[in-house]
Structure formats: structure tokens, C-alpha cells
Amino acid sequence: MSTQTNNGYMLIFRGNEWYKGLSPEEMQRISGQWMAWYKRLSEQGKAVAGNPLEPEGKLVSGKNGRVVADGPFAESKEAIGGYFLLDVGSLDEAVAIAKDCPGLPYGAKIEVRAIAAVCPMSEEAHVRAEPALAKA
Amino acid sequence: MNPPQNSDQEPQAAEVSQAVEHLFRHEAGKMVATLTRIFGLEHLTLAEDVVQEALARALQTWPFYGVPKHPAAWIMRTSRNLALDVVRRRTVFRQKEAQIVQLMERETPSLDEAVFPEQGITDDTLRMMFVCCHPLIPSEAQAALALKTLCGFGVPEISRAFLTTDAAIAKRLVRAKQKIRQAKIRFEIPVGEELGRRLDGVLQSLYLLFNEGYKASSGDRLVREDICQEAIRLTSLLVEHPAGNQPRTHALLALMLLDAARLPARVDGQGNLLLLKEQDRSFWDQAMLARGMFHLAQSAAGEEITVYHLQAGIAACHSAAKDYESTDWRQILSLYDQLVKLDRSPVVALNRAIVLANIHGPKAGLDAIGAIRDREVLNTYYLLHAVLGEFEARLQHTKAAARHFQKSLELAETRSEEQFLTKRLQACENQVRN
């Protein structure tokens, strides 16, 4: 994978069980800190998008999507609770931002991923497909 | 980006940039009470779980979308929706499902108001108060249960305040809930003759809760001050309700307010405990004092004089004095003289001895301590030895004073007490040396 082009990074908030045992007061405090954190990043232009995800949804799999299950998971360390889309220069910077997450002391887990760069081959395909897209 | 789905629809002037202090805690208390009425008291834990989940949803979404315009209504609505899910899913509710769903879904222009009207919430909170303070529930479990269900405290916060383990608090809560089931305690505000008796129990529990927060002897100071505020909040609810609006309730509220008003002056910048004598009275909360005096006046409406009346009267004397020197000790002593007749606790008698010494000197104080019935109960109480030390020091019995301060130091529970006593002890030792 090429790392030449920087398409930004994603902070993926994992785990939907770390806040289960928190007291209302703690939840309010963390909520306020998290809000301030996101606001700051947005104002600095570092966070360009972010959303929480509803806890429940569907899990589609199988050929032609034959299997539609309730999902993702009732309670799990892996479940995705939300994400930030960051416009920062490097993975290091994205990681440094993730380290400020107010949920960390309570067991929140953040996955930091680079948005994949456009590789030469797909770029070529893209160029070829362009006239068709323009018509659509 | 998705539009914020969770902001409140009804427009209102109040712009909430940051949620109000203790919002989650207080909404948790209200919603647990309301859902308990709807689910039935036997499902108290389920009500707590639903509210916990609703707050978790707030934690998950507010950071992205900001605090909703009506945060309390948002929490209520989310709790209600989650509760409806639970009712539909759980088989235990099969019998009552239709009734519960109808109760919760009753459509009117203002949905939240219809299902959870403010007066209804207060009634539910009072019902919960009568449950938590039921005489069949052991008093230490009452405090834990009240803090958990009525005040939205977490188990670790309660254990920190009570200087015990999470497991011990969890056990108390389990026992209290078992008792509720076994004794078939009802979720209701008692009426008639029973109301008077049960109200006494509630006042007693709230008084103990307040003292738990007020006594500076142990635990996390900030959590403890929160407990004082909670006791005041609950007593205020009680006094505003026809079921609790009694002179003795006003007296209890007056006592709490007058004492709590002095909290800001009770520690110095380093967190050291200050004696009444050393406090900067300009730090006393004047608004709270005024509220306290108002309720003290209200408490005089009837014939009865309770321990709360007398203690509030004592607190009022302290508050009225512009400095320590101008304290009306004779008035305080006469209130203590009445108080020791109603309250045989040796701690009250010890406090009376301190007042007596302020008027008639340390020797009279020592004699009064000597005359305390059940004095041996106080032997493990640091304050007894601190007071003895103080009296002896004033009589220039420096060696005896040092001995008492040493003993007191061994029994002290907080760093502030230790520092204070160490200072007194050193002063005595220096005097002995010179």
C-alpha cells in the first residue's frame, strides 16, 4: 500500500461495555470532556467528521446477502460505537489525538486507521471510468 | 454528516452549552423512581438498568451532537423508549404489558409532560424515599439504597464516602432489595396515622445521611459534601410536599442548611480542617443561611420541639454571631440542656460540656465530661481526648494535655485532624521543655 498520499485517518471507538459500570456522575463528566475534545478538534480543523453509531443493527452475509442477522454484538470489546474522521498529517499525529480520548482511563479502546491511499492502478481505472460517471 | 437526531424538537430559550451540574445524577434518581412505579417495586433493579442504559446513550451521542436543548427531557424520553423495549421483550410483563404500554404511550401534544409530569415525579421520588427509609431496612443499608436509587450515586462513590469496599456496599444493596421483596414493602406514600410514624423514619434517615456527609472524620471530602447537598435536596422535596410539610421537617431542613452554609469555611487552602473559632465567616454561604433561617421560622408553627428544632436553634446561634467571641453561649447552653433530655447520646453531652466550658471555664467542662453517662462509649472517639487535651491545656496542665492529645492523635481519622492535633501536641511539648 502506498503511503504517499494522505487521505486522513479514522479513529474508531471500540467497545460498548467499558461504560457499563460507570456512575451517572462519571458518565456526565466523561461526556462533557469528550464533547470538549471533539469541539476542539473540529475548531482546529483536525476533525472533519464524526458520528456515533446506534448500538444495534443488522449483520448481512452469505451469497446475495442471504443471511441477515441481528448485530453486531450485544456486548463486546470490538463493537464500534462511533468514529472521528481526522484530517491530520501523519499516523503519529492521529495516534497522539487518540491518546487524548477521555474514555481511555475507563477502558475505551480506539483503533487508529489510515484511510487507504489511492493506488496507481485504481487511479487508472478511475480515469477510464470518468466519462461514464460524468454521464450518470 | 447525519443531522443530529437527538436534539429536542420543542424550541425553548434556554441554551445549554454545558449540562447543569449533577444533571445525570438527579435525572437518574427521578427516572429510577418513575420507572419503578411503572414496572413495580419488585423490578427496581431493572429500572436502574434501563436508566443506566439511557445515560450510556447520552454519553455515546452527546459528544458528537452537543447537549440537547432539553437534556432532562432527552434522558426521560430515552429512558421511556428503552423501558418500552424492555416491557415488550420481557415475559414477566406479559400480564401488565398492555397497561404499561398504554400508560407510557399516552399521546398528547407534549409527550414527556404527559407521561412524566413534574408533580408525578416528585410523588414518585417521595414514594421511593419512603421505601428507602422503611424501618425494616437496616439503617446503614438505607443510606446506601437512598444514595443509589434516589441520588444516582455509583457504588464506588458510596463506598468512598463510607470508607468501605465496593463489595460491602453491593452487599448492603442486595440485602435491602431482598428486604423490600420479603417484607412486601409498598411503593407508596403512607397516609393517616402511619404517615406520621413513617415520616419520622424518613427524617431520621435523611438526618443520618446528612451527618454522614457532614462529619469531616473520614472519606472523600467532595463526595461527602455532595451527600450533604443530596440530603438537603431530598428534605426540600419533602418539605414542599403535603405529606412531608411538618414543623419537624422544616426544623431538619433548617438544621442542614445552617450547618452546610458553613462548609465553605471549614477547610483552609490546603484542605486542613478549621475550627469554628478559626473560620473566616465571610466564606459562610449567606443565601443558604437565609434559607435556613426561613425554615427555622417555619418550624416554630406547631407545639412540638424535636431534636431537630434544638439543633437547628444551636446552629442558628452560631450563624448569627458575627465572630466567635460574640457567640451567645448561654443561649446555646440552654438549647443543649433541653437537647440532652431528648437525646441521650454521649456525643451530645460532650458537645454540651464544650459549651459549658466556654461559659464557666475548663474546670466546669472537665466536670461535665466526668459526669457524662456512658462515657466509656466515647473512649475510642478522638474528639473526647482532643477536648480533654484542650481543657487541660487551658488549665496549664500541660503534661496531662499532651497525654490526651497523643491519645486523640492515635484515634484521629483524617489528615486534617492529625495535623491539627500534632500542632497542639507540639505546642504542649514545647511548653514542657521551656
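1. A residue is counted as buried if 20 or more other C-beta atoms lie within 10 Å of its own. By that criterion, helix H12 of chain B is mostly covered, with 13 of its 14 residues buried. The structure under discussion is a predicted model. H12(B) comprises residues 247–260. From its first C-alpha to its last the helix reaches 20 Å, close to the 20 Å expected at 1.5 Å a residue.

2. The loop between H12 and helix H13 (286–299) of chain B contains B:Ala265. This residue is partly exposed, because 17 other C-beta atoms lie within 10 Å, whereas 20 or more are required for a buried residue and 12 or fewer for an exposed one. Leaving aside residues up to four places away in sequence, B:Ala265 touches B:Leu274, B:Gln279, B:Asp280, B:Arg281, B:Phe283 and B:Trp284. B:Glu188 is 77 residues from B:Ala265 in sequence, and their C-alpha atoms are 40 Å apart in space.

3. The largest nonpolar core has 137 residues, of which B:Leu55 and B:Met129 touch the most other members. Helix H2 of chain B (residues 44–65) gives the most to this core, namely 11 residues. With residues up to four places away in sequence not counted, B:Met129 touches B:Leu150, B:Val202, B:Leu234 and B:Leu238.

4. In chain A, strand E1 (residues 9–14) merits attention for its side chains. In a regular strand the side chains alternate between the two faces of the sheet. In E1(A), A:Tyr9, A:Leu11 and A:Phe13 point to one face and are buried. A:Met10, A:Ile12 and A:Arg14 point to the other face and are not buried.

5. The pairing of E1(A) may be considered next. E1(A) and E5(A) run antiparallel and are joined by six bridges; within this pair, A:Tyr9 has A:Leu86 as its bridge partner. E1(A) also pairs in the antiparallel sense with strand E6 (residues 109–114) of chain A, over six bridges. Opposite A:Arg14 in E6(A) stands A:Lys109.

6. Which chain A elements give two or more residues to the side that touches chain B? They are helix H1 (24–43), strand E2 (47–52) and strand E5 (80–86). H1(A) supplies the largest share of that side, 11 residues. The contact as a whole takes 20 residues from chain A and 24 residues from chain B. By class, the chain A side has 10 nonpolar, eight polar and two charged residues. E5(A) therefore appears both among the elements listed for this contact and as an antiparallel partner of E1(A), where pairing requires at least two bridges.

Methods
Residues are numbered from 1 along each chain as its sequence is written. Chains are lettered from A and ligands numbered from 1 in the order in which they are written. This is a predicted model: local features need pLDDT of at least 70, side-chain atom pairs count only at pLDDT 80 or more; totals for chains, interfaces and linings use all residues. Two residues are in contact if their C-beta atoms, placed from the backbone, lie within 7 Å. Helices (H or I, at least four residues) and strands (E, at least two) are DSSP runs, numbered from the N terminus. Ala, Val, Leu, Ile, Met, Phe, Trp, Tyr, Cys and Pro count as nonpolar, Asp, Glu, Lys and Arg as charged, and the others, Gly among them, as polar. The expected span of a helix is 1.5 Å times one less than its number of residues. A nonpolar core is a set of buried Ala, Val, Leu, Ile, Met, Phe, Trp, Tyr and Cys residues joined through C-beta atoms within 7 Å.
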